[in-house]
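This report introduces a structure to a reader who has not met it before. Please look over the sequence and the model shown here before reading on.

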Amino acid sequence: VKINEAELEKIYQFDAAFFDLGDQVKSGIDNLESSMNDEEALPAAIRNVTTLARLAVETFERRSEVVTGS
């Protein structure tokens with residue numbers, strides 16, 4: 001797949017976002033682990049990790065659209 005400089009810059013931006021999301025997911029999982037015995041905090045921790053996972057999928061799909069042009 002051929003891409004131009006602007007598209008390459010967008011891909012780099014998505015890749016940087018993935019690194020940031022990776023850090024957020026790690027933090028979210030750490031929070032989830034520490035919330036395992038807290039019935040009040042656990043649902044929020046699960047929602048946070050779920051939201052981050054969805055965001056990661058959406059970011060990957062948008063990155064794929066930039067690469068494929070579709």
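## A nonpolar surface patch

In this predicted model, Ile3, Leu8 and Tyr12 make a nonpolar patch of about 270 Å² on the surface. One of these residues, Leu8, has its place in helix H1, which covers residues 5-34. With a relative accessible area of 32%, Leu8 is partly exposed, because a value must be under 20% to count as buried and over 50% to count as exposed.

## A salt bridge between two helices

Side chains of opposite charge can pair when their charged atoms come close. The structure holds 2 salt bridges, and one of them joins the side chains of Asp15 and Arg63, at 2.7 Å from N to O. Asp15 lies in helix H1, whereas Arg63 lies in helix H2 (residues 42-68), so this pair ties together parts that are 48 residues apart in sequence.

Asp15 counts as partly exposed, at 23% relative accessibility, and Arg63 likewise counts as partly exposed, at 23%.

## A salt bridge within one helix

The side chains of Asp30 and Lys26 also meet in a salt bridge, with a distance of 3.0 Å from N to O. Both Asp30 and Lys26 belong to helix H1, where they are 4 residues apart, which is about one turn of the helix.

As for their exposure, Asp30 has a relative accessibility of 35% and therefore counts as partly exposed, while Lys26, at 53%, counts as exposed, since the cut-off for that class is over 50%.

Terms used
Residues are numbered from 1 along each chain as its sequence is written. This is a predicted model: local features need pLDDT of at least 70, side-chain atom pairs count only at pLDDT 80 or more; totals for chains, interfaces and linings use all residues. Side-chain values use heavy atoms; hydrogens and water are left out. Patches are made of residues with over 30% relative accessible area and no salt bridge: like charges are joined within 9 Å, nonpolar side chains (Val, Leu, Ile, Met, Phe, Trp, Tyr) within 5 Å. Accessible areas come from the Shrake-Rupley method with a 1.4 Å probe; for residues, only the protein chains shown count as cover. A salt bridge is a side-chain nitrogen of Lys or Arg within 4 Å of a carboxyl oxygen of Asp or Glu. Helices (H or I, at least four residues) and strands (E, at least two) are DSSP runs, numbered from the N terminus. Buried means under 20% relative accessible area, exposed over 50%, partly exposed in between (1.4 Å probe, protein chains only).
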